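Let's take a walk through this fold together. Have the sequence and the model open side by side, and follow along as we go.

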Amino acid sequence: MNRPESKMTAPPSQERKIVRVPELFPDLIAKHAHPGRFVHYDETDSPWVPFGENAAIKHLLFDTRHNIYSNILWMKRPAVVGTHKHRGYVVMMCLEGSVHYLEYDWLATPGCFIYETPGEAHTLVTDHPEGCKLFGWMQGPNEFYDPDGNLVMTADVWWFMDHYESYCRENGLPINKELYL
């Protein structure tokens with residue numbers, strides 16, 4: 001009996017060739033699966049949508065089944081995103097500049113990974129002269145609070161979809177259906 005190697009150092013291939021792999025349920029997959037998505041970095045697939053006076057969001061994906069949304073947050077110069085609480089998880093990567101939370105003692109620079117768990121409340125700050133860009137994959141709503149701790153608004157997948165679609169309509173831009181799962 002041939003046993004697979006227990007340690008793989010790299011995928012076992014020397015050729016650039018599409019390999020057709022066996023599939024137990026090709027008809028079900030063809031009928032029900034959603035294909036992957038590709039969003040180009042330029043503004044043809046997704047524009048930079050203003051988010052306050054000093055920031056913009058490039059929306060990348062909306063998944064209404066799981067209340068998931070993905071985007072790039074661009075804080076254009078030193079700025080603050082007010083205190084907010086996550087009711088789901090957040091996965092972020094710093095792409096440019098630097099960013100931190102007032103409540104923690106770390107500083108994220110390009111390549112740094114940030115994972116936030118439900119229930120965390122914090123205040124996002126960039127002191128970098130050129131601001132920052134953060135890739136984000138978020139699940140669940142974010143609650144935003146005023147300086148006295150009063151709930152001001154809640155942003156979930158529906159809010160982010162409206163943010164994107166309203167901007168597109170107001171500016172005569174097509175809505176990219178590839179952003180929706």
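A good place to start is Y41, which is partly exposed at a relative accessible area of 45%; here buried means under 20% relative accessible area, exposed over 50%, and partly exposed in between, with a 1.4 Å probe and protein chains only. Keep in mind that this is a predicted model, in which local features need pLDDT of at least 70 and side-chain atom pairs count only at pLDDT 80 or more, while totals for chains, interfaces and linings use all residues. Residues are numbered from 1 along each chain as its sequence is written, and side-chain values use heavy atoms, with hydrogens and water left out.

Y41 sits in the loop between α1 (26-32) and β1 (48-50). Helices (H or I, at least four residues) and strands (E, at least two) are DSSP runs, numbered from the N terminus. Setting aside residues up to four places away in sequence, Y41 touches W48, K58, I72, E96 and K133, where contact means heavy atoms within 4.5 Å. L60 is 19 residues from Y41 in sequence, and the two C-alpha atoms are 9.5 Å apart in space.

Now zoom out to the whole protein chain. It has 2 helices and 11 strands, and reading along the sequence gives the pattern α-β-β-β-β-β-β-β-β-β-β-β-α. Its radius of gyration is 20 Å, well over the 16 Å that the globule rule gives for 181 residues, so the protein chain is more spread out than a compact globule. That radius is taken over C-alpha atoms, and the rule is 2.2 Å times the number of residues to the power 0.38. Along its principal axes, the C-alpha trace spans about 65 × 40 × 30 Å.

How much of the chain counts as buried? Of the 181 residues, 37% do. Among contacts between residues at least 6 apart in sequence, 60% join residues at least 24 apart.

On to the strands. Two strands pair if DSSP finds at least two bridges between them. Five of them make up an open sheet in the order β6-β8-β4-β10-β11, with antiparallel pairing. The edge strands are β6 (100-101) and β11, each of which pairs on one side only.

Let's cross that sheet by way of β4 (residues 79-86). Strand β4 runs antiparallel to β8 (residues 121-126), and 5 bridges join the two; along this seam, V81 stands opposite L124 in β8. β4 is also joined to β10 (residues 142-145), again antiparallel, by 3 bridges. Here H84 stands opposite F144 in β10.

F144 is a handy stepping stone, since we can look from it to the next strand over. It stands opposite M153 in β11, and β10 pairs with β11 (residues 151-155) in the antiparallel sense over 4 bridges. The hairpin of β10 and β11 has 5 residues between the strands, and there G149 takes a positive phi near 85°.

There is further pairing to trace around β9 (residues 132-139). Strand β3 (residues 68-75) pairs with β9 in the antiparallel sense over 8 bridges, and L73 has L134 as its bridge partner in β9. β5 (residues 90-97) pairs with β9 too, antiparallel, over 7 bridges. In that pairing V90 stands opposite M138 in β9.

That leaves helix α2 (residues 157-170), where V157 has its place. Is V157 buried or exposed? V157 is buried, with a relative accessible area of 1%. Not counting residues up to four places away in sequence, V157 touches F62, D63, T64, N67, I68 and Y69. F135 is 22 residues from V157 in sequence and 16 Å away in space, C-alpha to C-alpha.

W159 is also found in helix α2, and at 24% relative accessibility W159 counts as partly exposed. Leaving aside neighbours within four places in sequence, W159 is in contact with F51, M153 and T154. M153 is the residue that F144 stands opposite in β11. As for G119, its C-alpha atom is separated from that of W159 by 19 Å, with their positions 40 residues apart along the chain.
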